[in-house]
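Q: Could you take a close look at one part of this model with me, and then set it in its wider surroundings? I would like one connected account.

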Amino acid sequence: MANQKQGDGSREQFIPARYQPSLPLDKLIIQDGSEGAGDRMDLDVLIVGAGPAGLACAIALAQLANADGSELNIGVLEKAEALGEHSLSGAVVNPRALRELFPDLKDSDFPFRMPVSRETVYLLTKRGRLRLPTPPTMHNRGYYVASLCELVRWLGGKAEALGVNVFTGFPAAQLLVRDSAVVGVRTAPAGLDRDGNPTAGGAAPNDLVAKVTALAEGTRGLLAQTWCQWQRVPSDNPQIFALGVKELWETKQPLDRVIHTLGWPLPNDAFGGSFIYPLEPNLVALGLVVGLDYRDSTLDVHQLLQTLKRHPLLADLLAGGEMVEWGAKTIPEGGFFALPERRAGDGVVVLGDAAGFVDVPSLKGIHYAIQSGIYAARAIFQNLQTGASLAEYDRLVNASYVARDLYRTRNMRLGFRDGFYLGGLRAALMTLTGGRFPGGKYAMHADAEVARHVGAETASNGGVSKVDAVFKSGNATRDTIPSHLIARGDVPPEVARFYSHMCPAGVYEAGDGGGSLRINAPNCVDCKATDVLGPRWTPREGGSGPKYKRM
Amino acid sequence: MKIAVCVKRVPDSETRVKISPDGKSLDEAGVKFVLNPYDEFAVEEALRRKEKAGSGEVAVFCLGPAAAQETIRTALAMGADRGVLLQTDKIPADPYETAKLIAAALKPDTWDLILFGRMAIDDYNHQIGSLVAQLLDLPCVTAVSHLDIQGAKGVAEREIEGGIEVLEFPLPAVVTADKGLNEPRYPALKGIMAAKKKPLEIKPVQPAAGGMEIVALAPPAERKEGKIVGEGAAAVGELVRLLREEAKVL
């Protein structure tokens, strides 16, 4: 897998995996009782990540305990400084799982914004647009535009009202284990200096120990990855990811519909599209999502979004408006065949995006995350009461609409691995046959194993710079913390440039001539793209990273 | 040592605030509120004084809406012992009215030290500490960047223009904290758990309107967009011309 010259000898390629450090499992998994922790806290159930999956699990557990008259000590760890600040999604939400979690509430009680009443899908060319029939998987009537930040804050309030302990500002950094069982996590220390030494105001790591640990870290979860590798939990296909870059705009022109676009400015060998959702008529979320198996090493999702904004469709909408927030996040796109064979083990379950419960054709994951939290809560509660196996969680998910939905569209995203037009044809056939075409499965490579052509450098085409973008993410990480990114220092110039384009937050800079790789780690907004394609991501001190408000 | 710390719930400095349609108040929708950063120094100092003395109590007082309980819980999570919320939906524009309510709440007890932040980052008034000291007839040292307590005597350092002023004062006293007084601690997990069970007394208050009224709030003038004159030596001439003729600074 060395650098290969293609037949014509002019186009170089490289394979990102070759330059990617492996997960440092020896550091990520430690025996319970290992030295180095400050406080130690015992819980019944520990949930890692206060997103929709983790909070739904906490709420459902507390509801079960209340109904039963038993007491459960439930703790939720969250790396963001405050609830919702690391949560980002489109988002159009299917309320199905929320209705199940709160049977006494009406849709109007949920923290949704506008209901989807009209929707349009366009195929864009540089100046033009072709309205496409909305694919059946993309019908959103009856669903709601929402800000995931707001949904998470609301869920967090519900959880706390039920007696759940939500600890914001505490990232889980290591798995605590005993034999093959997960018994809890160790948090990241706070207040280290640039060289990683503790300072006077700092705080040592904490050990949180529980009977069951639920990993709900979200996309590309570090500990979920660690557990799957450690316990050798396979999946049919490797998980693949997309990177979404999103902006929130206050607009002068009102928007009355949900819009999705395909085509321009993406090259034909990249999979992706844009979304334009009104939270209010004059408050619009827009973003561009691109599969990280793109072929051109200089493809830059953030820059492509800036280009897209100059299309008349968006330029007219945004004229005179103001960008009020910016953010980025990866999305697990592998679907059914990329799910870990089991999401339950000894003392542990894996939920939501961390498990890969996302359906790409319908662009939905939030309700699956919530539903997986509800199922996990049932399995955990039984486990605590009767000692029944946590495998009940897998059984519940496999028998549910979560697995059914993902199975129906099992090959749709994968069919696009060979480009947009062939993918579109395949997707149409899959829809017509209810997912039976073409039979079997498309085999996928992990994104980092997909060869990249060394693309040409193009001048920035204006729009929001990455520096301004990071500012608008609310990221005020102190610049004296040690780097949390594990990179190889000796990457070739073309790979350094690949990183600099891949990262939407300007963390990576290729030096003059691309020679050296400079890492501006505090810029990182925890989107995890780097962890998929290059340098590994690890958690830093609590409260670092973005502070999303309405993303 | 028995120490009172008076704190305020303020919008996070990172928050982009909007003015309400009435033109006189902030639109609080979507605004994140935090413990006033200068008050964090005050809380930290109180905890260190108590720890150094080996015994005592740190009580946190806050005037604000019901949501300010969270602000008090933050201080309790850092290690304060109990909280008192003087609950009102309207913080008076006149600092004297706020000071009267806080002084009245502090008065029934005897304190060795009463700490404030030197100002709240939302209204920049710098007044409550001094006013409360006056109302309680106590000495007051403001904007303290270093504090030492020796028995019934305090020694404070204040950063003044071009130097440091050192003051001695008798306890009990009111001290307001400046940046640099200490490095506030991160709340510990155990502290956060414990804070939920610490006593937090809620006393409704009805502030008088006082002698002041906010007539209008206005955002700062927008900065004009910069312009790139050119690059390298060739641009110098044009830059000098613009500085002379347009900016009129040469």
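Why does B:Thr176 count as buried?

A: Happy to! Please keep in mind that this is a predicted model. B:Thr176 counts as buried because its relative accessibility is 3%, and the cut-off for that label is under 20%.

Let us start with the residue itself. B:Thr176 sits in strand β12 of chain B, which covers residues 173-177. Its side chain has a polar atom 2.8 Å from the backbone nitrogen of B:Ala143. B:Ala143 also appears among the residues that B:Thr176 touches once neighbours within four places in sequence are set aside. That set further holds B:Val141, B:Thr142 and B:Val144, together with B:Phe116, B:Gly117, B:Arg118 and B:Gly129.

Now for the sheet around this residue. Strand β12 belongs to an open sheet of 9 strands in chain B, and the order reads β11-β10-β9-β12-β8-β1-β6-β7-β13. In that order β12 stands between β9 and β8. The pairing is mixed. At the edges are β11 (163-170) and β13 (200-204) of chain B, each of which pairs on one side only. On average, neighbouring strands here are turned by 30° against each other, direction ignored.

One step further along, β8 (residues 113-117) of chain B pairs with β1 (residues 2-7) of chain B in the parallel sense, over 4 bridges. Within this pair, B:Ile3 has B:Leu113 as its bridge partner in β8. Two of the contacts of B:Thr176, B:Phe116 and B:Gly117, fall within the span of β8 in chain B. As background, strands of a sheet pair through backbone hydrogen bonds, either parallel or antiparallel.

Chain A offers a sheet to set beside this one. There, 7 strands form an open sheet with mixed pairing, in the order β8-β7-β17-β18-β19-β16-β20. Its edge strands are β8 (129-132) and β20 (322-332) of chain A, each pairing on one side only. Neighbouring strands of this sheet are turned by 20° on average, again with direction ignored. Inside it, β16 (residues 241-250) and β19 (residues 283-291) of chain A run antiparallel and are joined by 9 bridges. A:Lys246 stands opposite A:Gly287 of β19 there.

Chain A also has a residue worth viewing alongside B:Thr176. A:Asp353 lies in helix α8 (residues 352-355) of chain A, and it counts as partly exposed because its relative accessibility is 24%. Leaving out residues up to four places away in sequence, A:Asp353 touches A:Gly218, A:Thr219, A:Pro332 and A:Val358. A:Leu215 is 138 residues from A:Asp353 in sequence, while their C-alpha atoms are 9.9 Å apart in space.

Finally, let us see how the two chains meet. The contact takes 27 residues from chain A and 17 residues from chain B. Between them, the chains bury about 1700 Å², with 58% of it on carbon and sulfur atoms. Across this interface there are 3 salt bridges and 5 residue pairs in polar contact. On the side of chain A that touches chain B, at least two residues each come from β4 (40-48), β10 (165-168), β13 (190-192), β14 (198-203) and β20 of chain A. One salt bridge joins A:Glu85 to B:Lys32, with the closest N and O atoms 2.8 Å apart.

Note on methods. Residues numbered from 1 in each chain as written. Chains lettered and ligands numbered in written order. Predicted model: local features only at pLDDT ≥ 70, side-chain atom pairs only at ≥ 80, totals over all residues. Heavy atoms only, no water. Buried < 20%, exposed > 50% of the residue type's maximum accessible area, 1.4 Å probe, protein only. Polar contact = N/O pair within 3.5 Å; in protein donor to acceptor, adjacent residues only side chain to side chain. Contact = heavy atoms within 4.5 Å. Pairing = 2+ DSSP bridges. Axes fitted to C-alpha atoms, helices over the stretch in contact; angles between N-to-C directions. Buried area = accessible area lost by both parts, 1.4 Å probe. Salt bridge = Lys/Arg side-chain N within 4 Å of Asp/Glu carboxyl O.
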